[in-house]
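Trainee: I would like to go through this model by question and answer.

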Amino acid sequence: MAHATLHFTAGMVVGMAAQLPLLRRGWGQHRERPKALLRWLYRSWALGVWAIIPSLLRYAGVPADFCKGWWMNLFLFHPLINQWGFHATIIGGVTLVGTFVLQYGVILVALFKNQKERVT
């Protein structure tokens, strides 16, 4: 069974990738950049939470057979990711940190770009 961090990261990566066109569109406009960046962040985190719902249900006491059913693929292929095995805990932790670093870097670049545009 994969760790919840791997599921959360998978949701965040899918959310960030899905929102990338909107972020690119708003990136070039000074006033739209913060809104696009916040939408990119919020929606990636929301999809991350969506991806761990089966894990949360399991911790809430829902039977394991129900949480392992094919219908849980609605939550970003939760049962398929669970088949990765015990090493998924390490992969989940590393990719989660990498995702946070990526988001933090994008925020810093946006702040730097806004500051640079304000000065000139």
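The questions below go from the overall fold to the nonpolar core.

Trainee: How many helices and strands are in the protein chain?
Mentor: The model is a predicted one. From the N terminus on, its elements read α-α-α-α-α-α. The count is therefore 6 helices and 0 strands, with a helix taken as a DSSP run of at least four residues.

Trainee: What radius of gyration does the protein chain have, set against a compact globule of 120 residues?
Mentor: Along the principal axes, the C-alpha atoms fill a box of roughly 60 × 25 × 20 Å. For a compact globule of 120 residues the radius would be near 14 Å, but the protein chain has 17 Å.

Trainee: What percentage of the 120 residues is buried?
Mentor: The exposed area of the protein chain is about 7,700 Å², and carbon and sulfur atoms supply 71% of it. A residue counts as buried under 20% relative accessible area. By that cut-off, the buried share of the 120 residues is 34%.

Trainee: Which element gives the most residues to the largest nonpolar core?
Mentor: That core has 8 residues: M16, L23, A36, L37, W40, L41, V106 and A110. Two or more of them come from each of α1 (4-27), α2 (33-51) and α6 (88-119). The most, 4 residues, come from α2.

Trainee: Which residues are in contact with V106, leaving aside its neighbours within four places in sequence?
Mentor: V106 belongs to the largest nonpolar core. Contact here requires heavy atoms within 4.5 Å. With those sequence neighbours left aside, the contacts of V106 are W27, L37 and W40.

Definitions and conventions: Residues are numbered from 1 along each chain as its sequence is written. This is a predicted model: local features need pLDDT of at least 70, side-chain atom pairs count only at pLDDT 80 or more; totals for chains, interfaces and linings use all residues. Side-chain values use heavy atoms; hydrogens and water are left out. The radius of gyration is taken over C-alpha atoms; the globule rule is 2.2 Å times the number of residues to the power 0.38. Buried means under 20% relative accessible area, exposed over 50%, partly exposed in between (1.4 Å probe, protein chains only). Accessible areas come from the Shrake-Rupley method with a 1.4 Å probe; for residues, only the protein chains shown count as cover. A nonpolar core is a set of buried Ala, Val, Leu, Ile, Met, Phe, Trp, Tyr and Cys residues joined through side-chain atoms within 4.5 Å.
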